[in-house]
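Me: Please take a close look at the loop that follows one of the strands, and then work outwards from it. I should like the strand pairing, the backbone geometry and the burial set out in one connected account, with the cut-offs stated.

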Amino acid sequence: MIFSKLLGTGSALPPRCVSNQALVEELATRGIESSSDWIEARTGIRQRYLADPSMSSSQLGLQAAKRALDMAALKAEDIDLIIVATSTPDVIFPSTACLIQQALGCKGAAAFDVQAVCAGFVYGVSTADAMIRTGMARRALVIGAEVFSRILDWNDRGTCVLFGDGAGAVVLAASDSPGIHACALHADGSLVPILQTAGQVCGGVVCGHPFLTMDGQAVFKTAVNVLDQVAREVCAKANMSLHEVDWLIPHQANIRILQATAKRLGLPNEKIIVTVDQHANTSAASIPLALDSAIRLGQIRQGQKILLEGVGGGMAWGACLLSY
């Protein structure tokens, strides 16, 4: 039987780190009042990294991919599948995955994007896992890359303080022993209005609202409910109990969502990997950023079980349970 195993992780952040205080001062020049303490108390965020106009999702994704390949001790030509999760692609087409493939120089590998917003990385990992298990791929790069700062309304205090830019990547490879034990994916299109960016390009101009809009209370309620449900589902699929999970890495949206999810699952806060304080919400990049950080810091060790779960606009959600 073929399984997929995690061989390496990598991440990348823009050079510009913006603290809450620096952001508050910048917003004040636009007549928007906020405070560093208010942001941290409501979200857990202390800082975020913001890309300048010349930096794209593919550039960040390429950096993260190279670092993941280095950890896996593989070359780009060893990869036969590239999946990029992003809501902020460089262009309408070709895919960001093809742009990264071009930069890596691994011609011939399948390459495509997935769009499930903040759940995108879990969707990407689940897709790669399925393709490896069926023999369609042997070694895959799964990348989450975002420049969410491009779709924020910087006059909306309720959303602009929440997000950051960045990328994370993993290398998965076929194995005789399980790395990924189980995955589960879901969506509910009836919840589109609570989190969306509804604009589009039509006739050379932007039609509709080009910025992210969010009903924060509705998103919070939905996120906690579905993350609880999908975590239990994926553990049941793997014939494991939640108590066997060593680390929970949820989408890094808001510290309150992370803690409420862990509480529902009966997991102590000490088992949650938290990077939202450093990176803010980086959408599809948040889970791989947190995973790479925890591995490189030595928090996650060989043989430990990790539960990844994400939820985002759609609403879409999913989880993967794996052993490192």
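Reply: Proline 94 is placed in the loop between strand S4 (81-85) and helix H4 (96-104); helices (H or I, at least four residues) and strands (E, at least two) are DSSP runs, numbered from the N terminus. This is a predicted model, in which local features need pLDDT of at least 70 and side-chain atom pairs count only at pLDDT 80 or more, while totals for chains, interfaces and linings use all residues. Residues are numbered from 1 along each chain as its sequence is written, and side-chain values use heavy atoms, with hydrogens and water left out.

Within that loop, the peptide bond leading from phenylalanine 93 into proline 94 is cis, its omega being near 10°. Strand S4, which precedes the loop, is mostly covered, as five of its five residues are buried, a word that here means under 20% relative accessible area, with exposed over 50% and partly exposed in between (1.4 Å probe, protein chains only). In a regular strand, side chains alternate between the two faces of the sheet. In S4, Leu81, Ile83 and Ala85 point one way, whereas Ile82 and Val84 point the other way, and all are buried. The partner of S4 is strand S5 (residues 110-114), with parallel pairing over five bridges; two strands pair if DSSP finds at least two bridges between them. One of the bridges sets isoleucine 83 against phenylalanine 112 in S5.

On the other side of S4 in sequence, alanine 73 is found in the loop between helix H3 (57-72) and S4. Its phi is near 60°, a positive value in a residue other than glycine. Alanine 73 counts as exposed because its relative accessibility is 67%. Alanine 280 also has a positive phi in a residue other than glycine, near 65°, and lies in the loop between helix H9 (276-279) and helix H10 (286-296). Alanine 280, however, has a relative accessible area of 1% and is therefore buried.

A second cis peptide bond leads to another sheet. This bond joins glycine 314 and methionine 315, with omega about -15°, and methionine 315 has its place in the loop between S14 and S15. Strand S14 (residues 305-312) and strand S15 (residues 316-323) pair in the antiparallel sense over eight bridges, and glycine 312 stands opposite alanine 316 in S15. These strands belong to an open sheet of four strands in the order S8-S15-S14-S13, with mixed pairing. Its edge strands, each pairing on one side only, are strand S8 (180-187) and strand S13 (247-250). On average, neighbouring strands of this sheet are turned by 10° against each other, direction ignored.

At the S13 edge, four bridges join S13 to S14, and the two run parallel. Leucine 248 has leucine 307 as its bridge partner in S14. Trp247 and Ile249 point one way from S13, and Leu248 and Pro250 the other way; all are buried. Helix H7 (residues 216-237) lies across S8, S14 and S15 and runs at about 145° to S8. Axes are lines fitted to C-alpha atoms, for helices over the stretch in contact, and angles run from 0 to 180 degrees between N-to-C directions.

The cysteines complete this part of the account. The structure holds zero disulfides, a disulfide being a pair of cysteine sulfur atoms within 2.5 Å. Cysteine 98 is in no disulfide, and the nearest cysteine sulfur, that of cysteine 106, is 10.0 Å away. Cysteine 98 is partly exposed, with a relative accessible area of 29%. For cysteine 183, likewise in no disulfide, the nearest cysteine sulfur is that of cysteine 320, 3.2 Å away. Cysteine 183 has a relative accessible area of 16% and so is buried.

One further loop, between strand S6 (139-147) and helix H6 (157-160), contains serine 149. Serine 149 is buried, with a relative accessible area of 11%. Not counting residues up to four places away in sequence, serine 149 touches Leu50, Ala51, Trp154 and Asp165, where contact means heavy atoms within 4.5 Å. From serine 149 to serine 323 there are 174 residues in sequence and 33 Å in space, C-alpha to C-alpha.
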